[in-house]
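These are my notebook entries on a single protein chain. I set down what I looked up, topic by topic.

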Amino acid sequence: MTETPRQIAFFALRDVHRRGAYADVALDRWLRQSQLEGVDRRFVTELVYGSVRRMRSLDFRIDQLAKKPADQQPPDLRTILHLGLYQLHYLDQVRAAAAVDTTVELAKTNGFRGLAGFVNGLLRSSHRRSENRPFPDPAPASAIERLGIEYSYPDWIVEGWLTELGEAETEELCAFFNQTPTIDLRVNPLRTTRAEVEAQLQAWGVEVQPLPYSPQGLRLTGSIGAIEKLPGFREGHWVVQDSSAQLVAYLLNPQPDEMIIDACAAPGGKTTHIAELMGDRGVVVACDRTPSRLKKLIYNTERLGLESVQICIADSRDFLDFDGKADRVLLDAPCSGLGTLHRHADARWRQTPESVQELTVLQGELLNATARWVKPGGTLVYSTCTLHRAENESAIAAFLDAHPDWSILPPAADSAIAPFASAEGWIKLWPHRHHMDGFFMVQLAKK
Ligand SMILES: C[S@@+](CC[C@H](N)C(=O)[O-])C[C@H]1O[C@@H](n2cnc3c(N)ncnc32)[C@H](O)[C@@H]1O
């Protein structure tokens, strides 16, 4: 079979829809097997992530025009239609005729020769319809449904945002998460300076901007190619870490010679930041229950040349003999990731109200167990990359209710994180407002 970007995208999407593969894993597998390069690889990536993200909007278009709704079409045909409709309605660089013709070809070569006319007709009708009617048409009665169909989210996610943000801001947030994510770096101050890394990257032809809120941060813009090939990667001059994730270690505010425990540490973005801020003096215990992720943490620690990190493979809810030993604990909890939907195309379809509910139980157990590790007078920072109240504000309220000897400690007024603190003392970063991943973080102090 000819190896075209659209064919490779189809194979990857077939694994997502038929086998339940993660979109990034399926994409990576098919790209590694292919001979495609540069522009073609980027096109496959766009097709796969875009078609997964926009699934609800694309299905709505199929439902409008086909006799059978999208979820009753043969799964591979639905995937092919998604690919065609995505190019037609969301990719300016693909001409409509090319989107139609290549999709018809894809149908013919993948077992739907007899339905080539149907594919051709549906795509052409959808194109014509979009030229003279708004989308979605007819307009849904509620804001939840309108935003859910137009921007392609499940209702329950939109509903939560509408309650917190109102319609105008929810629309901005919906649009934000449909964009390609930016890449931020955190410079390792033990090896180099931000100005040096900035100069090196510019000399390499990469567009780069210092991040306003993180003194170690740089944002890459434009095309960058393979990240490992950029100057300074092998030398451990920087790691990839989003602007908002960089703020967590500033809130924790670790000091040299302290004993810090990172309870959910892998792959080590925040562990390594903590060690850097301590000047690599003291101990950072990096605990995680997933050995494969800890391997990445060990690799990152070695690459950055950090020696203060000690590994602990364990479930942090188990008795680990850390009680009362830590000056500070970081609990960067497993969460639904609803603040990073732009980075994980399929996360909006994988998470459900039930999965969030299950996570809140785990988060509560982790909070109770790791709080015991903190010395009297010490602190614990709880953070997540979700925007869901149940995993954030409500989790903290429940913890404080059950632990009257703990209270919220707002960030120091001169810290990098201070501008974001709410009246309650916690920090909730909204991507459409702050142009970084969605994050929640709060510092708790033990009296
Ligand atoms: C949000 S990620 C941590 C990201 C990490 N802090 C960083 O900045 O790179 C959550 C981690 O929690 C780990 N985890 C989940 N449940 C755990 C448990 N009960 N005990 C320890 N680690 C757990 C997962 O393996 C995962 O690596």
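In which strand is Asp332 found? I located Asp332 in strand 8, which spans residues 326-332. I note at the outset that I am reading a predicted model.

**Entry 1. Two aspartates from the annotated site**

I began with the UniProt record, an unreviewed entry, which lists a "binding site" at Cys264, Ala265, Ala266, Pro267, Gly268, Gly269, Lys270, Asp288, Asp315 and Asp332. I followed up two of these positions, Asp332 and Asp288.

I asked whether Asp332 is buried or exposed. Asp332 counts as buried because it has 24 C-beta neighbours inside 10 Å, and the cut-off for a buried residue is 20 or more. Beyond residues up to four places away in sequence, I found Asp332 touching Val248, Cys264, Lys270 and Ser383. Of these, Cys264 and Lys270 are themselves on the UniProt list.

I then turned to Asp288, which I placed in strand 6, residues 282-288. Asp288 also has 24 C-beta neighbours inside 10 Å and therefore counts as buried. With neighbours within four places in sequence left aside, the contacts of Asp288 are Cys264, Ala265, Ala266, Arg293, Leu294 and Ile313. Cys264, Ala265 and Ala266 are likewise listed by UniProt for the site.

**Entry 2. The annotated domain**

The same kind of record, again an unreviewed UniProt entry, assigns residues 173-447 to "domain: SAM-dependent MTase RsmB/NOP-type". For that range I noted 31% helix and 24% strand, with 38 Å between the end C-alpha atoms.

**Entry 3. Cys312**

I looked up Cys312 in strand 7, residues 309-313. Cys312 is only partly exposed, because 17 other C-beta atoms lie within 10 Å of it; a buried residue would need 20 or more. Residues up to four places away in sequence aside, Cys312 touches Val285, Ala286 and Cys287. I also recorded the separation between Cys312 and Ala423: 111 residues in sequence and 36 Å in space, C-alpha to C-alpha.

**Entry 4. Nonpolar cores**

Which residues have the most contacts inside the largest nonpolar core? I listed Ile261, Ile274, Val329, Leu331, Tyr382 and Met441, in a core of 84 residues. Helix 11, residues 243-252, supplies the largest share of this core, with 7 residues. I took Ile261 as an example: outside its neighbours within four places in sequence, Ile261 is in contact with Val285, Cys287, Phe322, Ala326, Val329 and Trp373. A separate core of 36 residues lies apart from the largest one and includes Leu13, Ile62, Ile80 and Ala99.

**Entry 5. A four-stranded sheet**

I traced an open sheet of 4 strands, ordered 2-3-1-4 and paired in the antiparallel sense. Its edges are strand 2 (207-210) and strand 4 (238-240), each of which pairs on one side only. From one strand to the next, the twist averages 30 degrees. I saw helix 10, residues 194-203, packed on this sheet, where it touches strand 1 (183-187), strand 2, strand 3 and strand 4. The direction of helix 10 makes about 165 degrees with that of strand 2.

I examined one pair of strands in detail. Strand 2 pairs with strand 3, residues 217-221, over 4 antiparallel bridges, and a hairpin connects the two through 6 residues. Opposite Glu207 I found Thr221 in strand 3, and opposite Gln209 I found Arg219 in that strand.

**Entry 6. Two helices**

How many residues has helix 3? I counted 16 residues, 38-53, reaching 23 Å from the first C-alpha to the last, close to the 22 Å expected at 1.5 Å a residue. The buried residues of helix 3 are Phe43, Val44, Thr45, Leu47, Val48, Tyr49, Gly50, Ser51, Val52 and Arg53. Their cover includes helix 1 (5-19), helix 2 (23-33), helix 4 (55-65) and helix 5 (75-90).

In helix 8, residues 143-151, I found Ile144, Leu147, Gly148, Ile149 and Tyr151 buried. These buried residues pack against helix 4 and helix 9 (155-176). My last note concerns Ser152, just after helix 8, which takes a positive phi of about 70 degrees.

Note on methods
Residues are numbered from 1 along each chain as its sequence is written. This is a predicted model: local features need pLDDT of at least 70, side-chain atom pairs count only at pLDDT 80 or more; totals for chains, interfaces and linings use all residues. Two strands pair if DSSP finds at least two bridges between them. Axes are lines fitted to C-alpha atoms, for helices over the stretch in contact, and angles run from 0 to 180 degrees between N-to-C directions. Two residues are in contact if their C-beta atoms, placed from the backbone, lie within 7 Å. UniProt positions are given in the numbering used here, feature names are shortened, and annotations may be inferred rather than shown by experiment. A residue is buried if 20 or more other C-beta atoms lie within 10 Å of its own, exposed if 12 or fewer, and partly exposed in between; C-beta atoms are placed from the backbone. A nonpolar core is a set of buried Ala, Val, Leu, Ile, Met, Phe, Trp, Tyr and Cys residues joined through C-beta atoms within 7 Å. The expected span of a helix is 1.5 Å times one less than its number of residues.
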